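This report goes through one protein chain, starting from single positions and ending with the fold as a whole. Please keep the sequence and the model side by side while reading.

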Amino acid sequence: MAGVQNGFLLPPCVQEFLADMDAFYDQGEPGAWHGSPQWAARFNQHLQAMLPFAQEGDVAAQYAVATFYMAHLGHACEEDSIAAHEEDAAAMSRWLGRAARAGHLAAIDNLLTIGAGEEAERLRALYKAHQSELSLAPAPSEEWRQDME
């Protein structure tokens, strides 16, 4: 369904961000994860457009803002990305936490696996405490998988 991802309606600014992410990765060199000054400027414009939605509680925008930081899209070169890594990781984790609390499954997964800070540590502790129970859960249905696309 167009305009929906992970069960959440995507505001137009998030749709535009995701389209540019696809274009960025489609044209990129294999293994190159950093951008150019032009791409960084474009992604920073997307960030500014998405932030009001994310701050107002739009879950898709919160996850998109987290993705912006997760993928280091606001930096023009590798050196800038490396220098900003800790700050970006903290911002990513804050936004993942907000989206995760609203039930965004990809946000929960990313916060658990790569998140930083107290909320990520709390989630990892919960996961470890209930890991044996989680292994008894049924496999996701095909309908669920299709909804996640």
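## Ser141

Ser141 has a relative accessible area of 40% in this predicted model. That value falls between the 20% limit for buried and the 50% limit for exposed, so Ser141 counts as partly exposed. Ser141 sits in the loop that joins α7 to α8, and α8 covers residues 142-147.

Gly35 is 106 residues away from Ser141 along the chain. Between their C-alpha atoms the distance is 37 Å.

## Gln62 and Val65

Gln62 belongs to helix α3. Its relative accessibility is 4%, and because buried means under 20%, Gln62 is counted as buried. Leaving aside residues up to four places away in sequence, Gln62 is in contact with Ala54, Gly57, Trp95, Arg98 and Ala99.

Val65 has contacts with Leu47, Met50, Leu51, Ala54 and Trp95, again without residues up to four places away in sequence. Ala54 and Trp95 also appear among the contacts of Gln62.

## His72

His72 is located in the loop between α3 and α4, where α4 is residues 78-83. With a relative accessibility of 14%, His72 is buried.

The backbone of His72 has a phi near 55°, which is positive although the residue is not glycine. Most residues other than glycine have a negative phi.

## Ala91 and helix α6

Ala91 lies in helix α5 and is buried, at a relative accessible area of 5%. Ala91 and Ala66 are separated by 25 residues in sequence, while their C-alpha atoms are 7.1 Å apart.

Which residues of helix α6 are buried? In α6, which runs over residues 105-114, they are Ala107, Asn110, Leu111 and Leu112. The cover over these buried residues includes α3 (59-70), α5 (85-101) and α7 (118-134).

## The nonpolar core

The largest nonpolar core contains 35 residues. Within this core, the residues with the most contacts are Phe17, Phe43, Val65, Tyr69 and Leu73. At least two core residues come from each of α1 (12-27), α2 (37-55), α3, α5, α6 and α7. Helix α3 makes the greatest contribution, with 9 residues.

In soluble globular proteins, nonpolar side chains tend to be buried together.

## The chain as a whole

The protein chain has 8 helices and 2 strands. Read from the N terminus, the order of elements is β-β-α-α-α-α-α-α-α-α. The radius of gyration is 16 Å, close to the 15 Å given by the globule rule for 149 residues, so the chain is as compact as a globular protein of that length. The C-alpha trace spans about 50 × 35 × 35 Å along its principal axes.

Of the 149 residues, 38% count as buried. Taking contacts between residues at least 6 apart in sequence, 57% connect residues at least 24 apart.

## Surface and charge

The exposed area of the protein chain is about 9,000 Å², and 55% of it comes from carbon and sulfur atoms.

How many positive and negative side chains does the protein chain have? There are 8 positive and 22 negative ones. The centres of these two sets are 8 Å apart.

Terms used: Residues are numbered from 1 along each chain as its sequence is written. This is a predicted model: local features need pLDDT of at least 70, side-chain atom pairs count only at pLDDT 80 or more; totals for chains, interfaces and linings use all residues. Side-chain values use heavy atoms; hydrogens and water are left out. Buried means under 20% relative accessible area, exposed over 50%, partly exposed in between (1.4 Å probe, protein chains only). Helices (H or I, at least four residues) and strands (E, at least two) are DSSP runs, numbered from the N terminus. Contact means heavy atoms within 4.5 Å. The radius of gyration is taken over C-alpha atoms; the globule rule is 2.2 Å times the number of residues to the power 0.38. Accessible areas come from the Shrake-Rupley method with a 1.4 Å probe; for residues, only the protein chains shown count as cover. Lys and Arg count as positive and Asp and Glu as negative; His and the chain ends are not counted. The place of a charge is taken as NZ of Lys, CZ of Arg, CG of Asp or CD of Glu. A nonpolar core is a set of buried Ala, Val, Leu, Ile, Met, Phe, Trp, Tyr and Cys residues joined through side-chain atoms within 4.5 Å.
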